[in-house]
Amino acid sequence: TLAQVERQAVWFERAGLTPYALARLGAELEAARAFRCTAPVPITLVGSDVHPGNFLIDAAGKAWFTDLEKAQYGHPAIDLAHASLYTSTMWEREVAAVLAPDEVAAFHAAWEAAVPPALAEAVRPWRRPLRRLTWLRTLSWMARWRVEGAALSPDMPDSLAAHMDAHAVDVLRPEIIGRVAAEWR
């Protein structure tokens with residue numbers, strides 16, 4: 001994931017971000033590069049694009065993941081981050097939400113209660129650093145979108161491309177970058 005962020009980080013400079021946003025993202029990328037953890041790396045089947053819009057809820061309240069072509073083996077903390085970060089929770093207009101820190105904590109607690117205790121324990125030390133890394137992965141892609149726009153997805157309907165344009169501008173605003181980064185500061 002860090003390698004992917006490194007490849008995409010060039011788009012931060014090209015996206016016309018403010019000096020504050022560039023400096024903050026540079027500091028976040030440096031912190032991601034410097035992170036070291038000796039805890040075992042749990043690997044499970046993950047969705048890797050688990051923003052809330054990629055789920056359908058059936059009549060019984062069960063959630064069904066719909067973007068199966070992106071499933072892979074990886075770290076579950078990335079899915080936890082992707083499902084609850086501002087960049088993801090505001091992605092899909094129909095289910096857009098800004099989660100408060102206590103709502104994210106409740107989400108993590110519910111996930112921990114639903115998985116084997118050993119997995120929950122193994123993921124815990126990775127949640128915060130991989131939250132940062134997942135956020136940087138998404139922001140670097142959004143910076144690319146801000147530069148290349150709908151050329152990245154030429155078959156995308158114009159209304160969705162316009163939404164993506166607005167979302168990219170929103171998540172790359174200095175105040176949003178600062179607010180999200182404050183989660184792990």
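**Exercise 1. Determine whether S84 is buried or exposed, and identify its surroundings.**

Step 1. S84 has a relative accessibility of 3% and therefore counts as buried. Buried means under 20% relative accessible area, exposed means over 50%, and partly exposed lies in between (1.4 Å probe, protein chains only). The model is predicted: local features need pLDDT of at least 70 and side-chain atom pairs count only at pLDDT 80 or more, while totals for chains, interfaces and linings use all residues. Residues are numbered from 1 along each chain as its sequence is written, and side-chain values use heavy atoms, with hydrogens and water left out.

Step 2. S84 belongs to helix 4. Helices (H or I, at least four residues) and strands (E, at least two) are DSSP runs, numbered from the N terminus.

Step 3. With neighbours within four places in sequence set aside, S84 is in contact with T89, L99, V104, F107, H108 and R131. Contact here means heavy atoms within 4.5 Å.

**Exercise 2. Describe how helix 4 and helix 6 are arranged, and list the residues that meet.**

Step 1. The axes of helix 4 (residues 76-84) and helix 6 (residues 101-114) come within 11 Å, crossing at roughly 140°. Axes are lines fitted to C-alpha atoms, for helices over the stretch in contact, and angles run from 0 to 180 degrees between N-to-C directions.

Step 2. The crossing of helix 4 and helix 6 is right-handed. A crossing is right-handed if the near helix is turned clockwise from the far one by less than a right angle, and left-handed if anticlockwise.

Step 3. From helix 4, P76, L80, A83 and S84 take part; they meet V104, F107, H108 and W111 of helix 6.

**Exercise 3. Place H51 and H75 in the structure, and state what each touches.**

Step 1. H51 is located in the loop between strand 1 and strand 2. Its relative accessible area is 4%, so H51 is buried.

Step 2. Not counting residues up to four places away in sequence, H51 touches H82, S88, W91 and E92. H51 and T89 are 38 residues apart in sequence, and their C-alpha atoms are 6.3 Å apart in space.

Step 3. H75 occupies the loop between strand 4 (72-74) and helix 4. With a relative accessible area of 7%, H75 is buried.

Step 4. Apart from neighbours within four places in sequence, the contacts of H75 are V41, P42, I43, V46, V123, W126 and L130. The C-alpha atoms of H75 and S48 are 9.1 Å apart, with the two positions 27 residues apart in sequence numbering.

**Exercise 4. State what is noteworthy about the phi of S48.**

Step 1. Most residues other than glycine have a negative phi. S48 is not a glycine, yet its phi is positive, at about 65°.

Step 2. S48 is found in the loop between strand 1 and strand 2 (55-57), and it counts as buried at 13% relative accessibility.

**Exercise 5. Examine the salt bridges by way of selected pairs.**

Step 1. The structure holds 12 salt bridges. A salt bridge is a side-chain nitrogen of Lys or Arg within 4 Å of a carboxyl oxygen of Asp or Glu.

Step 2. D67 and K70 pair at 4.0 Å, N to O. D67 is buried at 10% relative accessibility, whereas K70 is partly exposed at 38%.

Step 3. R124 and E112 form a salt bridge at 3.0 Å, N to O. R124 lies in the loop between helix 7 (117-123) and helix 8 (127-148), and E112 in helix 6, so this pair ties together parts 12 residues apart in sequence.

Step 4. E175 and R173 pair at 2.5 Å, N to O. E175 is partly exposed, with a relative accessible area of 45%. Elsewhere, salt bridges that share partners join E6, E30 and R33 into one network.

**Exercise 6. Identify the residues of the nonpolar surface patch.**

Step 1. V41, I43, L45 and Y73 form the patch, with about 460 Å² of accessible area together. Accessible areas come from the Shrake-Rupley method with a 1.4 Å probe; for residues, only the protein chains shown count as cover.

Step 2. Patches are made of residues with over 30% relative accessible area and no salt bridge: like charges are joined within 9 Å, and nonpolar side chains (Val, Leu, Ile, Met, Phe, Trp, Tyr) within 5 Å.

Step 3. I43 lies in the loop between helix 3 (19-34) and strand 1 (44-46), and it is exposed, with a relative accessible area of 51%.
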